[in-house]
Amino acid sequence: MTELLMPTLLLIVGLSLLVWGADKLVFGSAALARNYGISPLVIGMTILAMGSSAPEMMVSAAAALDGKTDTAVGNVIGSNIANIALILGITALIKPLAISSAIIRRELPLMLMVTLLAGGIMFNNYLGFYEGLLLIGLFACFIIAMLYISKNEQQNGDILLEEQESEIPEGIANGKALFWVVVGLILLPVGANMLIDNAVVIAKYFGMSDLVIGLTIIALGTSLPELAASVAGVLKGEDDMAAGNIIGSNVFNILAVMGIPALINPSEISPDLMGRDFYVMLGVSILLLIMALGKSRSINRIEGGILVTCFCVYQGYLFLNMG
């Protein structure tokens, strides 16, 4: 086991660089955008909303460039499962989540539709270039649609938009903001490559496949920004921000993050993705939809406990059937 000490330390360093670099990139980009007169609405629905998915994007690109498409797609599916079952579950255990935003109630069915689209794409166990173009094109349409919807809801004082605007940095000099953008752009690829390289070393030691690596170690690692954002949001009473980060991240993961490996390295993918992992992602997505859009429009502690239990059972199954 001593031979795993250095890879484990380097994995932690890589993960730290990845998460911290993503945070600084979003901070600098949002500050620059505000300084140049871009509206808080646009910043909130683009830079802030996509920021928590930056680690997944970078890791999937690095994995695809290395010919590990299963790891890249596993990262997407595993992150989406972790976002709902683990992160929203833990957040609801800390404090029940009230879903007040009309934007979130519109995004939830869309998230389910996008999840079904992912199943259609993976059905033949192949991730193709044109499917990547379709996903990226739909991602652009999603951003435009959300900006349009948000502009209308802004007039009604939607709580999610108010919470997002409060997160945008103010009074940051352009030089300082640009510095953090550059730092983020440097640290993201460095951290992603360190994370993947050392996760592979550790996982191979235990006989794990490229797919299981993406579904477990890497997916959990790249979901840390969502965990931090959701817990911080609920502790500040920003329930809609906590839920919105997860729902938006899951849509971004399928449309943008899955689109990246399709464009970079079109290839066959493991049948397990469609035969097992897709249905877990679909199941927890439906579960979230039922919980969040029910009569109470909230996720209580019991429901949070159910979500966390689902995640633990799934991860346990993966580790007992590593292959």
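This is a chat about a predicted model of one protein chain.

Biologist: Let's start broad. What does the secondary structure of the chain come to?
Modeller: Since this is a predicted model, take everything as computed. The chain has 14 helices and four strands.

Biologist: And how many residues are there, and what share of them count as buried?
Modeller: There are 323 residues, and 55% of them count as buried.

Biologist: What about the accessible surface, how much is there?
Modeller: About 13,100 Å² for the protein chain, and 69% of that belongs to carbon and sulfur atoms.

Biologist: Which residues make the nonpolar surface patch?
Modeller: Leu-5, Met-6, Leu-9 and Leu-10, and the patch is about 370 Å². One of them, Met-6, sits in helix α1, which runs over residues 5-35.

Biologist: Switching to charges. How many salt bridges turn up in the whole structure?
Modeller: Two. Arg-276 pairs with Asp-277, at 2.8 Å from N to O. Lys-204 pairs with Asp-210, where the closest N and O atoms are 3.4 Å apart.

Biologist: Why can side chains like that pair up at all?
Modeller: Side chains of opposite charge can pair when their charged atoms come close.

Biologist: Are Arg-276 and Asp-277 buried or exposed?
Modeller: Both Arg-276 and Asp-277 are buried.

Biologist: And why is Lys-204 called partly exposed?
Modeller: Because its relative accessible area is 44%, and partly exposed covers the range between under 20% (buried) and over 50% (exposed).

Biologist: New topic: pockets. How much space lies in the second largest pocket?
Modeller: About 160 Å³. Its lining includes Leu-25, Val-26, Ser-29, Met-50, Gly-51, Met-57 and Leu-188.

Biologist: Which helices supply at least two residues each of that lining?
Modeller: α1, α2 (40-51), α3 (54-65) and α8 (174-205). You've met α1 already: Met-6 from the nonpolar patch is in that helix.

Biologist: Now the fold. What share of the contacts with a separation of 6 or more is between residues 24 or more positions apart?
Modeller: That share is 88%. For one example of a long sequence gap, take Asp-239 and Leu-97: they are 142 residues apart in sequence, yet their C-alpha atoms are 5.5 Å apart in space.

Biologist: Where is Asp-239, and is it buried or exposed?
Modeller: Asp-239 lies in helix α11, residues 239-257. Asp-239 counts as buried because its relative accessible area is 7%.

Biologist: Got another pair like that?
Modeller: Sure, Ala-262 and Leu-127. They are 135 residues apart along the chain, with C-alpha atoms separated by 5.5 Å. Ala-262 is in helix α12, residues 259-264, and is buried, with a relative accessible area of 0%.

Biologist: What does Ala-262 touch, leaving out residues up to four places away in sequence?
Modeller: Leu-127, Gly-128, Phe-129 and Gly-132. Leu-127 comes up again for Ser-267, which touches Leu-127, Thr-69 and Tyr-126, again not counting residues up to four places away.

Biologist: Where is Ser-267?
Modeller: In strand β3, residues 267-268. Ser-267 is buried too, with a relative accessible area of 16%.

Biologist: Last one: what's up with the phi of Asn-125?
Modeller: Phi of Asn-125 is near 60°, a positive value in a residue other than glycine. Asn-125 is in the loop between α5 (102-122) and β2 (126-127), and it is partly exposed, with a relative accessible area of 24%.

Notes. Residues numbered from 1 in each chain as written. Predicted model: local features only at pLDDT ≥ 70, side-chain atom pairs only at ≥ 80, totals over all residues. Heavy atoms only, no water. Patch = residues over 30% accessible without salt bridge, like charges linked within 9 Å, V, L, I, M, F, W, Y side chains within 5 Å. Areas by Shrake-Rupley, 256 points an atom, 1.4 Å probe, with all protein chains shown as cover. Salt bridge = Lys/Arg side-chain N within 4 Å of Asp/Glu carboxyl O. Buried < 20%, exposed > 50% of the residue type's maximum accessible area, 1.4 Å probe, protein only. Contact = heavy atoms within 4.5 Å. 1 Å grid on protein atoms, 1.4 Å probe; cavity = no way out; pocket = protein on both sides within 12 Å on 5 of 7 lines; lining within 4 Å. Points joined across faces, edges and corners; volume = space filled by probe spheres on them.
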